[in-house]
Amino acid sequence: MTLSHAWASAPANAVARHILGVQVSEPGAAEFLVRPRTGSLTEAEGTVPSVRGPVAVRVRRSGDTHTTTVTVPPNSRAVLEVEIGEADPAAYRVTGPAPGGRGKAEVESFTDLTGTVLRIGPVGSGTTEVVRK
């Protein structure tokens, strides 16, 4: 099987849409929803193309350390959702730009079938990092 043909590379888009969790949520890729679903993977990293530029996602976990880094292209924004399981939301620190560079991005937590999820944003273009140490 080769990934050089469109029909054979179709499974490759599942990585971007499901594992890295990048979805366009507004017309023209003005906003993205980014919710990595890495399951038991300790590392996942990739770049998803969009009409406004690439969206880069990196997730790393080891022991009690958990880092999710998302880079959003210029002239766009994103809402990030980070699955933290049973961890304490207060143990996470978020650094990154708010849209238009105004203030800090809003952070809230909620619970779904995966456990606790942090919802951050919207965040502006640039790099946002969510870290638990």
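Let me begin with strand S6, where seven of the nine residues are buried, so that this strand is largely enclosed by the rest of the structure. Please keep in mind throughout that what we are looking at is a predicted model.

What surrounds S6 in the sheet? Five strands form an open sheet in the order S1-S2-S6-S9-S8, and the pairing within that sheet is mixed. The edge strands are S1, which covers residues 22–24, and S8, each of which pairs on one side only. On average, neighbouring strands of this sheet are turned by 25° against each other, if direction is ignored. As general background, strands of a sheet pair through backbone hydrogen bonds, either parallel or antiparallel.

Taking the pairings in turn, S2 and S6 run parallel and are joined by four bridges, and within this pairing Leu 33 has Val 79 in S6 as its bridge partner. S6 and S9, by contrast, pair in the antiparallel sense, over six bridges, and here Glu 83 stands opposite Val 117 in S9. Moving on to the edge of the sheet, S8, residues 107–112, is joined to S9 by six bridges, and those two strands run antiparallel. Phe 110 also stands opposite Val 117 in S9, and the hairpin that joins S8 to S9 passes through two residues.

Now to the nonpolar core. As a general remark, in soluble globular proteins nonpolar side chains tend to be buried together. In this model the largest nonpolar core has 24 residues, and those with the most contacts inside it are Val 22, Phe 32, Val 34, Val 57 and Ile 120. The elements that give two or more residues to this core are strand S2 (31–34), strand S3 (43–48), strand S4 (55–62), strand S5 (65–72), strand S6 (77–85) and strand S9 (115–123). Which of them gives the most? That is S6, with four residues.

Val 57 deserves a moment of its own, as one of the residues with the most contacts inside the core. If we set aside residues up to four places away in sequence, Val 57 touches Leu 20, Val 22, Val 34, Pro 36, Ala 44, Glu 45, Gly 46, Thr 69 and Val 70.

I would also like to point out Thr 67, which is found in strand S5. Is Thr 67 buried or exposed? Its relative accessible area is 16%, and because the cut-off for buried is under 20%, Thr 67 counts as buried. Leaving aside its neighbours within four places in sequence, Thr 67 is in contact with Arg 58, Val 59, Arg 60, Glu 129, Val 130 and Val 131.

Next, the question of internal space. A search of the whole structure finds one cavity of 30 Å³ or more, and the largest cavity has a volume of about 40 Å³. Its lining is made up of Pro 36, Thr 38, Val 59, Arg 61, His 66, Thr 68, Glu 81, Val 82 and Glu 83. S4, S5 and S6 each supply at least two residues of that lining, and S6 gives the most to it, with three residues. Glu 83, which lines this cavity, is the residue we met standing opposite Val 117 in S9.

Finally, some backbone details. In general, most residues other than glycine have a negative phi, and most peptide bonds are trans. With that in mind, the peptide bond from Gly 121 to Pro 122 is cis, with omega near 15°, and Pro 122 is found in strand S9.

There are also two positive phi values to mention, in residues other than glycine. Ala 29 has a phi near 55° and lies in the loop between S1 and S2, whereas Asn 75 has a phi near 60° and lies in the loop between S5 and S6. How do they stand with respect to burial? Ala 29 is buried, with a relative accessible area of 5%, while Asn 75, at 65% relative accessibility, counts as exposed.

To return to where I began, S6 is largely enclosed by the rest of the structure, gives the most to the largest nonpolar core, and gives the most to the lining of the largest cavity.

How values were computed:
Residues numbered from 1 in each chain as written. Predicted model: local features only at pLDDT ≥ 70, side-chain atom pairs only at ≥ 80, totals over all residues. Heavy atoms only, no water. Core = buried A, V, L, I, M, F, W, Y, C linked by side-chain atoms within 4.5 Å. Buried < 20%, exposed > 50% of the residue type's maximum accessible area, 1.4 Å probe, protein only. Contact = heavy atoms within 4.5 Å. Pairing = 2+ DSSP bridges. Axes fitted to C-alpha atoms, helices over the stretch in contact; angles between N-to-C directions. 1 Å grid on protein atoms, 1.4 Å probe; cavity = no way out; pocket = protein on both sides within 12 Å on 5 of 7 lines; lining within 4 Å. Points joined across faces, edges and corners; volume = space filled by probe spheres on them.
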